[in-house]
Amino acid sequence: MTSKGFTINERGQLNRFAIEPKVYVDETPRVGFTKYAEKLNGRLAMIGFVSLIALEAITGNGLVGWLTSL
């Protein structure tokens, strides 16, 4: 018998503790060649490529030229 988050056992005693939620395990792989890893890799590559273009536009040199002028 369940009402408002509490349970009553067969002797009529009220269980004052919260009902435990159902636990599940997400078994989708997060390593290797998965869709998640490929999306993340592509997004990071796009950020790096745009950053290099912005660096070249700001400094007038490419990455190697900028590093040698330091």
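Accessible areas on this tour come from the Shrake-Rupley method with a 1.4 Å probe, and for residues only the protein chains shown count as cover. With the whole chain selected, that surface comes to about 6900 Å², of which 64% belongs to carbon and sulfur atoms.

This is a predicted model, where local features need pLDDT of at least 70 and side-chain atom pairs count only at pLDDT 80 or more, while totals for chains, interfaces and linings use all residues. Residues are numbered from 1 along each chain as its sequence is written, and side-chain values use heavy atoms, with hydrogens and water left out.

**Stop 1: the whole chain**

Try coloring by pLDDT, the predictor's confidence in each residue, from 0 to 100. The protein chain averages 81, and 89% of the residues score at least 70. Confidence is lowest in strand β1 (residues 2-3), with a mean of 48, and highest in α1, at 92. Now switch to a cartoon: 2 helices and 3 strands are there, in the order β-β-β-α-α along the sequence. Helices (H or I, at least four residues) and strands (E, at least two) are DSSP runs, numbered from the N terminus. Of the 70 residues, 1% are buried; buried means under 20% relative accessible area, exposed over 50%, and partly exposed in between (1.4 Å probe, protein chains only).

**Stop 2: the loop between β3 and α1**

Select phenylalanine 17, which is placed in this loop. It counts as exposed because its relative accessibility is 64%. Measure across to threonine 7 if you like: the two residues are 10 apart in sequence and 8.4 Å apart in space, C-alpha to C-alpha.

Next, move to threonine 34, in the loop between β3 (14-15) and α1. Threonine 34 has 13% relative accessibility, so it counts as buried. A polar atom of its side chain lies 3.2 Å from the backbone nitrogen of alanine 37.

**Stop 3: helix α1 and the turn after it**

Select residues 35-59 for α1, whose 25 residues reach 36 Å from first C-alpha to last, close to the 36 Å expected at 1.5 Å a residue. That expected span is 1.5 Å times one less than the number of residues. Just after α1, glycine 60 takes a positive phi of about 85°.

Glycine 62 follows in the loop between α1 and α2, and it is partly exposed because its relative accessible area is 30%. Its C-alpha is 7.8 Å from that of leucine 52, with their positions 10 residues apart in sequence.

**Stop 4: helix α2 and the nonpolar patch**

Show the surface of Leu52, Leu63, Val64, Trp66, Leu67 and Leu70, which make a nonpolar patch of about 600 Å². Patch residues have over 30% relative accessible area and no salt bridge; like charges are joined within 9 Å, and nonpolar side chains (Val, Leu, Ile, Met, Phe, Trp, Tyr) within 5 Å. A salt bridge here is a side-chain nitrogen of Lys or Arg within 4 Å of a carboxyl oxygen of Asp or Glu. Helix α2 (residues 63-68) gives the largest share, 4 residues. Finish on tryptophan 66, in helix α2, which counts as partly exposed because its relative accessibility is 31%.

Note on methods. A polar contact is a pair of N or O atoms within 3.5 Å; within protein, one must be able to donate a hydrogen and the other to accept it, and residues adjacent in sequence count only if both atoms are side-chain atoms.
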